[in-house]
Amino acid sequence: MKHIVIIGGGAAGFNAALAAAKENNKVTVIEAGKLGGLCVNQGCIPTKSYLTLIENNYDSHPEKGIELSVSQLNRVKTETQEMIQRLAYGQSYQFSGRGINLIKGRATIEGAGSVKIYPKNREETPYEMHADGIIAATGSIPKTVTELNKISVYSTGDLFDDSFPDNIKSEKITVIGGGVTGIECGIILAAVGKKITIIEQGDSILGDFDEDISQRMEYILQGIGIAVKTGCTTPEDEAVLLCTGRTPIIPAHGPEVSFDVNERGGIAVDINQETSVEGIYAVGDCTGETMEVSTIPFQVERAVAAISGKGGFEVRDSCIARCVYGPIQGVSVGSREQDIKAAKDEHTVFFAELYMTGAGQTGREKDGFVKVIYEKKTGIVKGMHFLCRNGSMLAPFAQMTINYKHTVDDVRRIPFPHPTVAEILREI
């Protein structure tokens, strides 16, 4: 049995603790703030709570847009806070059930195998704890923009404050950043009656997605009253919401510890998630790698396996699903059309609008589509992209199809249920 100390109780720390406990290790988690971290308290969970209601509103009455009534807003705020509390309690319950020791306080890494703990209760004396392996899961913070004098600056956390939306005094807000966070937070602000403009310095919003999803999502946003400006960095409104990405948090450490840092500003790690300091590992946002919650289980399994003296395995980047939520969900998995155009590879692109299908009609999919990219010679599927209601539910199918190098013939042979979006794949 090894003693593994984990610094951070967010998504990465939680997964690391469960993985370590599963291998019958002694596990200690040190967390200074709320359990669940960004994902549960101010990120994935609360945004999806709001966006699910917005999506349902839009599906039922698209002519009315996405604006929430006062009663709907009050209900979703209450439900979201209850959700967060249940998830935090569930995490604490799982820790207790698996014998994981949770310490509330700050931690400083003093060296390989040594952590100094500063209890949250200041009456308690700081003390050192020794471990066979240390895993840093300290997360990230929003990037800042300095050239914003005389402008009211909001952060994504303001959207989930108890006083929201009264704490957002400005009526016109520019969202800086056209990635997933900027799109989703812009939609939430528009749903509470704010006039929103999203600006993106790149050529398109959702730059990590297939170009058709980016273009169609821009069209949808404009249809619900959100202005989009690409190739733009200068806000015109007197208030901005910063959605320009996140900066990794390097864990506090003593003078004897020095971490190598990668080009993204995160802690550099090897294939086993080990840092430049032997015996100290890093997982999640603090590495600055994908910053995708879906890759965390693979990272923590590699780290725990290395500490336990076992082998880990690697996630294939080509199978990471990128999802955006809103009045409709967009999903990109694998190769994008702009990638194959640039590489001049011989591929075939299958594209189908959903509005003429049974699922499109019953699900009111007037804006949705399905897109599949496959090798012309072999038929091997390289990319799958969906824009539709509950599109994220199709992501695992796309990931498995691409991961196991299935062909379009393999996909055609699947008896998809009817009426569903997936059945259109038989027409490839």
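## A walk through the predicted model

The structure holds 6 aromatic pairs. Keep in mind as you look around that this is a predicted model. One of those pairs is formed by Phe-14 and Phe-95, whose ring centres are 5.9 Å apart and whose planes meet at 40°, a tilted arrangement. Phe-14 belongs to helix H1 (residues 11–22) and Phe-95 to helix H4 (residues 70–97), so this pair links distant parts of the chain, 81 residues apart. Both Phe-14 and Phe-95 are buried.

Another pair joins Phe-397 and Phe-416, this time edge-to-face, with 5.7 Å from centre to centre and 80° between the planes. Here too, distant parts of the chain are linked: Phe-397 sits in helix H10 (residues 395–403), while Phe-416 lies in the segment after helix H11 (408–412), 19 residues apart. Are these two rings buried or exposed? Phe-397 is partly exposed because its relative accessible area is 22%, whereas Phe-416 has 11% and therefore counts as buried, the cut-off being under 20%. Ring pairs also link Tyr-50, Phe-160 and Phe-164 into a cluster.

Phe-164 leads us on to the backbone. Most peptide bonds are trans, and most residues other than glycine have a negative phi. A cis peptide bond joins Phe-164 and Pro-165, with omega about 5°. Pro-165 is found in the loop between strand E8 (152–154) and strand E9 (172–176). A cis bond also joins His-418 and Pro-419, where omega is about -5°; Pro-419 lies in the segment after H11.

Two lysines catch the eye for their phi angles. Lys-344 has a positive phi of about 55° although it is not a glycine, and its place is the loop between helix H8 (337–343) and strand E17 (347–353). Lys-344 is exposed because its relative accessible area, 73%, is over 50%. Lys-405, in the loop between H10 and H11, has a positive phi near 55°. With 57% relative accessibility, Lys-405 counts as exposed.

Now follow helix H4 from end to end. At 1.5 Å a residue, its 28 residues should span 40 Å, and its end C-alpha atoms are indeed 40 Å apart. An α-helix has 3.6 residues a turn, so residues three or four places apart point the same way. The buried residues of H4 are Gln-72, Leu-73, Val-76, Thr-80, Ile-84, Gln-91 and Phe-95. Just after H4, Gly-99 takes a positive phi of about 70°.

Helix H6 (residues 211–223) can be checked in a similar way: its 13 residues should span 18 Å, which agrees with the 19 Å between its end C-alpha atoms. At the start of H6, a side-chain oxygen of Asp-210 comes within 3.0 Å of the backbone nitrogen of Asp-212. Among the buried residues of H6 are Ile-213, Met-217, Ile-220 and Leu-221, along with Glu-211 and Arg-216. Just after H6, Gly-225 has a positive phi of about 90°.

Finally, how many cavities of 30 Å³ or more does the structure hold? There is 1, and the largest cavity contains about 30 Å³ of space. Residues lining it include Gly-284, Asp-285, Met-291, Glu-292 and Ile-296. By class, the lining has 3 nonpolar, 4 polar and 2 charged residues.

Technical notes:
Residues numbered from 1 in each chain as written. Heavy atoms only, no water. Helix = DSSP H or I, 4+ residues; strand = E, 2+ residues; numbered from the N terminus. Expected span 1.5 Å × (residues − 1). Buried < 20%, exposed > 50% of the residue type's maximum accessible area, 1.4 Å probe, protein only. Polar contact = N/O pair within 3.5 Å; in protein donor to acceptor, adjacent residues only side chain to side chain. 1 Å grid on protein atoms, 1.4 Å probe; cavity = no way out; pocket = protein on both sides within 12 Å on 5 of 7 lines; lining within 4 Å. Points joined across faces, edges and corners; volume = space filled by probe spheres on them. Nonpolar A, V, L, I, M, F, W, Y, C, P; charged D, E, K, R; others polar. Phe/Tyr/Trp six-rings, centres within 6.5 Å; stacked < 30°, edge-to-face > 60°.
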